[in-house]
Structure formats: structure tokens, C-alpha cells
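Notebook open, coffee ready. Today I'm looking up which charged side chains pair up and what sits on either side of a helix.

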Amino acid sequence: MVIASTNPPNLASDTTTRCTPDEYRAMEETAEERHEYCNGEIIAMPGGSPAHSRIAVDTTTFLNVALRDTNFQTYNGDLRIWIPSFNHGTYPDVMVIDGEPEFNV
């Protein structure tokens, strides 16, 4: 199960570009920075802080240990998740998947 916010961050309009999901995925393959995709809008993701990074590492570590010996796998922010019901692609800090991931390429 994936839990995601239905409200994307409120960012200035000059940081967004409109495109299709396929155009977004192609752009992300070579992009030097990460972007979210929200219903046709590409949103530049700001960099993190040391505190944010520490919280993500601690959360990932906790979940990885807690879910040991289960079918759940913990992943860090290197993988993008696609949420079809919201037409949204993003890089969560931490995600947990039951079983093998399904890749949308």
C-alpha cells in the first residue's frame, strides 16, 4: 500500500513546465536535478537539509530493521514512485513495497 499526499507543494509558477508522463520520464533520465510530475506539471524539487537527510536515514533504518523477515522491502529516495490514481510521479524519502517492485518505464 502506498500513502501519498494529494496536495503537491505550493511552488512559484516559474519552476513548473507542462508535459506528458512519457515526456517527463524521458526528461528525468538525463536531468541533473530531480523533478516531481503532477498531472501534467513538472515541479523542480528543492535540495534537502542535513536534518532532513538524517530523519530520512533514521526512518529507513528503522523500517528496514522492523520489516526484516517479512515480504516488505524498504527503499530510499533514489527510486521514483508513480501513483496512477493521482497522475503523479515523485521521489519519496522512504518507501516500503510489499514484494517485488513494478517498474513503469
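**Entry 1: a pair inside the helix.** I started with Arg25, which forms a salt bridge with Asp22; their closest N and O atoms are 3.3 Å apart. This is a predicted model, so I'm reading computed values here. How far apart are the two along helix α1? They are three residues apart, so about one helical turn separates them.

Next I looked up whether each partner is buried or exposed. Arg25 has a relative accessible area of 13%, and because buried means under 20%, Arg25 counts as buried. Asp22 comes out at 55%, which is exposed. So this salt bridge links a buried residue to an exposed one.

**Entry 2: the two sides of α1.** Then I went through the rest of the helix, which runs over residues 21-30. Which residues of α1 are buried? Tyr24, Arg25 and Glu28 are. They sit on the same side of α1, because they cover an arc of only 95 degrees around the axis. On the other side I found Asp22, Glu29 and Thr30, and these are exposed.

What covers the buried residues of α1? The cover includes strands β2 (35-38) and β3 (41-44). I also noted β5 (81-83) and β6 (88-90) as part of it.

**Entry 3: the other salt bridges I looked at.** How many salt bridges does a search of the whole structure find? It finds four. Besides the helix pair, I wrote down two of them.

One is between the side chains of Arg18 and Glu41, at 3.7 Å from N to O. Arg18 lies in strand β1 (residues 16-18) and Glu41 in strand β3, so the pair ties together parts that are 23 residues apart in sequence. Arg18 is exposed, with a relative accessible area of 59%. Glu41 is partly exposed, at 28%.

The other joins the side chains of Asp78 and Arg34, with 3.1 Å from N to O. Asp78 is in the loop between β4 (72-76) and β5, while Arg34 is in the loop between α1 and β2, so this pair ties together parts 44 residues apart in sequence. Is Asp78 buried or exposed? With a relative accessible area of 52%, Asp78 is exposed. Arg34 has 33% relative accessibility and counts as partly exposed.

**Note to self.** Strand β3 turned up twice: it holds Glu41, the partner of Arg18, and it helps cover the buried residues of α1. Arg25 came up twice as well, as a buried residue of the helix and as the partner of Asp22.

Methods. Residues numbered from 1 in each chain as written. Predicted model: local features only at pLDDT ≥ 70, side-chain atom pairs only at ≥ 80, totals over all residues. Heavy atoms only, no water. Buried < 20%, exposed > 50% of the residue type's maximum accessible area, 1.4 Å probe, protein only. Helix = DSSP H or I, 4+ residues; strand = E, 2+ residues; numbered from the N terminus. Arc of directions from axis to C-beta. Contact = heavy atoms within 4.5 Å.
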